[in-house]
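Thanks for asking me to look this over. Here are my notes, point by point, to read alongside the model.

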Amino acid sequence: MRTRQQLSVARQILLLQVAVVLVLVVTALALAAYDARRDARNSATDQAVVVARAVADSPTVVGAIPQSDPAASAILQPFAEDVRADTGVDFITIMRLDRTRLTHPDPTKIGLPFVGDLGEAPQGTVFTQEYPGTLGPSMRAVVPVLDDGRVIALTSVGITVEKIDRQLRHDLLLILVAGLLVLVVGLAGAWMVSRRLRRQTHGLGEREITRMFEYYSAVLHAVREGLLLLDDQGRVQLVNDEARRLLDLPEDVVGQSVHDLGLPPGLVAAALSRNAESDDIYVAGDHVLVVSSAPAAWEGQDVGAVVSLRDHTELRSVTGELAVVRGLTESLRSQTHESANRLHTVVSLIEMGRPEDAIAFATEELQVAQMLTDRVVGAVGDPVVGALLLGKTSEAAERGIDLTITGELPTEHGIASRDLVTVLGNLIDNAFDAVTGQAERRVRVSLSSTDLVVDIAVGDSGAGLDEQEAAHVLERGWTTKTSAAQDGGRGVGLALVAQVARRHGGTIDIGRSPLGGAEFTVALAWSTSSEPVTT
């Protein structure tokens with residue numbers, strides 16, 4: 001359970017974004033205020049220079065300067081006040097070179113010395129500065145009055161800082177409103193990002209996410225089962241090492257669609273199914289897999305599927321051999337009854353005083369059984385495969401099926417006995433099932449070898465397969481048996497045959513048997529190869 005002190009990742013990101021937005025907005029406002037203040041003072045200075053130049057160039061000013069102070073003031077004071085009122089500046093002071101004021105907004109200051117620096121204005125240049133004069137701090141400009149290139153007086157024009165600040169406060173209000181709008185938009189964006197991030201992380205904190213990733217990664221790589229996690233679009237989002245091995249997946253499998261991985265269609269359909277499936281058997285490459293799949297949901301919303309894989313290849317091989325042993329046991333059990341009947345016949349013949357007939361009968365049965373055993377074992381050269389065929393022969397006799405075995409296999413072919421048992425056992429069982437219920441029940445097994453290739457052909461007199469059935473017969477789960485839905489092992493035998501053929505670089509041909517039904521011909525190379533199965 002998350003501690004009270006630990007904030008979720010989404011909330012931490014929100015707080016960080018809010019802090020960043022606040023810092024950016026406050027910094028932007030401060031820089032904007034500083035820039036506005038500087039621009040306002042520069043603008044006021046430029047305005048003062050322009051007005052001062054206009055006053056200094058006025059013929060009224062140039063004409064009045066040579067007169068006496070009272071006369072000059074009488075002419076210049078009304079002129080200066082009119083210009084001041086029209087231009088919006090705070091003062092216009094026209095002075096002689098000795099600083100004596102001829103004009104001033106306060107008439108009592110006329111005739112008094114000008115207060116402030118003149119810079120190089122008496123030498124004919126424009127001088128500007130911020131100075132605390134009689135009207136308070138102001139941005140002022142001092143411009144020389146020229147007559148034929150000679151400086152005859154000076155004009156000072158100023159705008160008080162107080163007036164500049166009043167205008168600046170109005171401009172700053174607009175800047176503040178714009179900043180607040182930016183702040184609101186930034187906070188809203190941060191909240192939306194945080195809300196989406198909260199949904200994506202399910203409100204977890206960074207420690208919980210880190211711990212979850214570490215544990216999940218450890219579990220995925222530690223379990224012996226293969227795990228495959230798909231999203232709702234059928235793309236691989238997570239896969240562990242065992243699943244990579246069992247399905248022979250590439251390193252860059254994450255993000256790929258399950259349709260593009262070359263998996264059996266049945267396995268793909270099971271992985272994408274909206275219904276949970278448990279312990280279904282599929283053949284993928286060289287592996288027999290037990291597959292369980294289930295849709296995954298979070299808060300009622302479908303987020304994908306979880307597929308678990310278990311390798312049952314070796315178990316299936318051993319199970320096949322066990323089935324052979326069980327078949328032989330059943331065959332021996334049935335033969336026990338036959339032997340008991342024959343023994344009773346021999347005893348009865350002896351009791352009837354006909355020992356010669358008893359000996360002939362017993363010898364004939366032994367010869368037939370021995371001849372069959374010698375012929376089968378001699379044909380395959382392998383006692384395990386021979387035992388399988390003998391068992392199938394007895395089973396065929398019990399089921400009323402005419403089983404014929406022709407040809408032989410080389411003694412040295414490099415193919416494991418269990419692989420031959422898988423191929424022959426499944427093909428013969430499939431043929432037995434195909435002829436069950438038919439009027440004519442015939443199965444033929446042909447064994448041969450050419451050019452380092454072992455050929456095994458099993459044909460029957462059943463109904464055969466049409467083109468559509470032949471195209472799907474090697475797929476896991478495909479079967480013509482009506483009981484398949486109740487038997488989880490159905491539809492696997494021929495897929496196992498295809499697996500053996502693939503492992504030995506062989507082929508499987510499906511055609512029409514001379515007996516009238518289907519015929520499966522499996523070609524197995526003596527040396528192991530990885531060529532694909534063809535049909």
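1. How much area does the chain expose, and what share of it do carbon and sulfur atoms supply? The exposed area is about 29,400 Å², with 56% supplied by carbon and sulfur (Shrake-Rupley method, 1.4 Å probe; for residues, only the protein chains shown count as cover).

2. A word on reading it: this is a predicted model, in which local features need pLDDT of at least 70, side-chain atom pairs count only at pLDDT 80 or more, and totals for chains, interfaces and linings use all residues. Residues are numbered from 1 along each chain as its sequence is written, and side-chain values use heavy atoms, leaving out hydrogens and water.

3. The average pLDDT (the predictor's confidence in each residue, from 0 to 100) is 77 for the chain, and 78% of the residues score at least 70. Please go gently with residues 482-490, where pLDDT stays under 50. Residues 528-535 are also below 50. Where pLDDT is low, the predicted coordinates should not be read in detail.

4. The chain has 13 helices and 14 strands (DSSP runs, numbered from the N terminus: H or I of at least four residues for helices, E of at least two for strands). Of its 535 residues, 37% count as buried (under 20% relative accessible area; exposed is over 50%, partly exposed in between; 1.4 Å probe, protein chains only).

5. In helix H7 (residues 265-272), the buried residues are Leu267, Val268, Ala270 and Ala271. They sit on the same side of H7 because they cover an arc of only 160 degrees around the axis (taken from the directions from the helix axis to the C-beta atoms).

6. Val177 lies in helix H4 (residues 161-201). Val177 counts as partly exposed because its relative accessibility is 43%.

Methods. Contact means heavy atoms within 4.5 Å.
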